[in-house]
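Here is a friendly walk through one protein model, written to be read with the structure open beside it. Take a moment to rotate the view before reading on.

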Amino acid sequence: MKKILITGGAGFIGSHVVRRFVTSHPDYHIYNLDALTYAGNLENLRDIENAPNYTFVKGDIVDADFIEKLFSENDFHGVVHLAAESHVDRSISDPMSFVMTNVVGTVNLLNSAKKAWKDDLASHRFYHVSTDEVYGELHDPGTFFTETTSYDPRSPYSASKASSDHFVRAYHNTYKLPVVISNCSNNYGPNHFPEKLIPLMIHNIIQKRPLPVYGKGENIRDWLFVEDHARAIDVIFHDGVNGETYNIGGHNEWKNIDLVLLLCSIMDEKLGREKGETEKQITYVTDRAGHDLRYAIDATKLSNELGWKPSLQFAEGLERTVDWYLQNEEWLDNVTSGSYQKYYTEMYSDR
Ligand code: NAD
C-alpha cells in the first residue's frame, strides 16, 4: 500500500480531501497530519476514522525534528499539503503565526521530502495547495487570474501563502523535487469554520445575531463547492505535470452583499420566516484593512489539460451547505463555544 501524507486533514478542505482519498483510493494508506488548532476538528472525519487505510497523526509542521522523524519512519509516496493558518482577519492581528505555519512549516515539509526521496525523486510527488489570493486583486470586469499572472499578495495571509508557493517552486527548480501547485478560489460547504463569510452568516442567522457585512459589501469572490475542489486535487495529484501550476475556480462570482441577501432568502424559507425578515439582521461594519476588491480565476488550463470542471451549480451547493449546518447544530455549537466567543467579540464589538 502506498502511504500518502495529507497535512491539515482535520480542517475544512483537508477533511474533504482525506475523505475522498480514503474512500476512492483503497490502495493508499492515508496519514492525516494535523496540529488540531482552533480550525482542526476530528468530528469532521467521524465517518471514516475507523477505515483500515486511515491513520491520524497529531503534530505540528513547524516542528522540523518531528517532521523529519515522521518521514524517516514512513516511506511516503506522496504529500498533499493543506495545513495552514487560513483566515485573513487573523493574519492582520497576528502575522507571525502565518509566517511560522505557512512558510516555515512548508519549508520543513519540503526539506524532509527532499531528504527522504533523494534516491528516487521520480516516483514521488509533493502537492502544495494554495490560494488565488496570491495574485492580488482585480478591478476590471472580464479580467481573470491565470497561472502566469504576477504575484501581488496584499494581506499577511496571502503574503505567507505566496512565499510558500515560491519555496515549493524553488525546490523544484533547485533540487528537482517533483512538485505540483494549485491556486483555488473561495471554497464553501460542510465543515467550514464559522469565521468565514458563508458559515458565519448561516450561524448568525440561526442565532438571530447581526450579520456583519464589511464596507458596503461590494467585494467580489468566486465560490467553489469544497467537494469539487477535493476532486480537482485528486485529479491534479494523479495527472498533473511536475513543476506545473493549476488554477481552480468555479466561474461563479458574487458580490458579498448579493451572496448574503441570497442566503437570507434561503434561510427565510428554511426557518419558516416571513420573506425579507432575515435580511433585517444585516449590519454594515468597518471594512477589513486592505480588503481586496475582486478575485476571479480562469481555470481553463485545468479543464483543457486534465478535464476537470466544477460539477455543482451554486444554488444546489448553497442549499446543501445550509441544510448541513441546520442538521449539524451540535457541530456548530461545539466550534462556537469557548475561544470563538472571545475572537468574535474582539472582531466585531467595536464595529
Ligand atoms: P482550515 O483553517 O479550515 O484548516 C487548516 C488545518 O490546518 C486545520 O485542521 C489546522 O488544525 C491545521 N494546521 C494549522 N496549523 C498547523 C500546523 N502548524 N501544523 C499542522 N497542522 C496545522 O483551512 P482550509 O480553509 O481548509 O484551507 C486548507 C488549505 O487550502 C490552506 O492551505 C489554504 O491556504 C488553502 N485554500 C483555502 C481556500 C478556502 O476557501 N478556504 C481556498 C484556496 C486555498
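The report below goes from the overall fold to the ligand and then to a few individual residues.

**Overall picture**

This is a predicted model, in which local features need pLDDT of at least 70 and side-chain atom pairs count only at pLDDT 80 or more, while totals for chains, interfaces and linings use all residues. Residues are numbered from 1 along each chain as its sequence is written.

The protein chain holds 12 helices and 12 strands; helices (H or I, at least four residues) and strands (E, at least two) are DSSP runs, numbered from the N terminus. The protein chain has a radius of gyration of 20 Å, close to the 20 Å that the globule rule gives for 351 residues, so it is as compact as a globular protein of that length. That radius is taken over C-alpha atoms, and the rule is 2.2 Å times the number of residues to the power 0.38. The C-alpha trace spans about 65 × 45 × 40 Å along its principal axes.

Of the 351 residues, 45% count as buried. Here a residue is buried if 20 or more other C-beta atoms lie within 10 Å of its own, exposed if 12 or fewer, and partly exposed in between, with C-beta atoms placed from the backbone. Among contacts with a separation of 6 or more, 82% join residues 24 or more positions apart; two residues are in contact if their C-beta atoms, placed from the backbone, lie within 7 Å.

An unreviewed UniProt entry carries the annotation "domain: NAD(P)-binding" for residues 5–321. UniProt positions are given in the numbering used here, feature names are shortened, and annotations may be inferred rather than shown by experiment. Over residues 5–321 the chain is 40% helix and 18% strand, with the end C-alpha atoms 28 Å apart.

**Strands side by side**

Strand β4 (residues 76–81) is a good place to start. Five of the six residues of β4 are buried, so the strand is mostly covered by the burial definition above. Two strands pair if DSSP finds at least two bridges between them, and the pairings listed here are as follows.

| Strands | Sense and bridges | Opposite residues |
|---|---|---|
| β1 (residues 2–7) and β4 | parallel, five bridges | Ile4 and Gly78 |
| β4 and β5 | parallel, four bridges | Gly78 and Arg125 |
| β6 (residues 179–184) and β10 | parallel, four bridges | Asn183 and Asn247 |

Gly78 in β4 therefore appears twice, opposite Ile4 and opposite Arg125 in β5, with pairing as defined by DSSP bridges.

In a regular strand the side chains alternate between the two faces of the sheet. In strand β10 (residues 245–248), Thr245 and Asn247 point one way, Tyr246 and Ile248 point the other way, and all are buried.

**Around the ligand**

Which residues are closest to the ligand? They are Gly8, Gly11, Ala39, Gly40 and Ala84, in a shell of 31 residues. A residue is near a molecule if its C-beta atom, placed from the backbone, lies within 6 Å of it.

At least two shell residues come from each of α1 (12–24), α4 (95–116), β5 (125–131) and β7 (186–188). The shell divides into 14 nonpolar, 13 polar and four charged residues. Ala, Val, Leu, Ile, Met, Phe, Trp, Tyr, Cys and Pro count as nonpolar, Asp, Glu, Lys and Arg as charged, and the others, Gly among them, as polar.

**Residues worth a click**

Tyr188 lies in strand β7. Tyr188 counts as buried because 24 C-beta neighbours lie inside 10 Å. Leaving aside neighbours within four places in sequence, Tyr188 is in contact with Ile198, Trp223, Phe225, Val226, Gly317 and Thr321. Leu312 is 124 residues from Tyr188 in sequence and 12 Å away in space, C-alpha to C-alpha.

Asn191 sits in the loop between β7 and α6 (197–207). Asn191 has a positive phi of about 75 degrees although it is not a glycine, and with 24 C-beta neighbours inside 10 Å it counts as buried.

Leu36, in the loop between β2 (28–34) and β3 (54–58), has a positive phi of about 55 degrees and is not a glycine either. Is Leu36 buried or partly exposed? Leu36 is partly exposed, with 14 other C-beta atoms within 10 Å.

Finally, Asn304 belongs to helix α9 (residues 300–306). Asn304 is exposed, with 9 other C-beta atoms within 10 Å. Asn304 and Lys342 are 38 residues apart in sequence and 46 Å apart in space, C-alpha to C-alpha.
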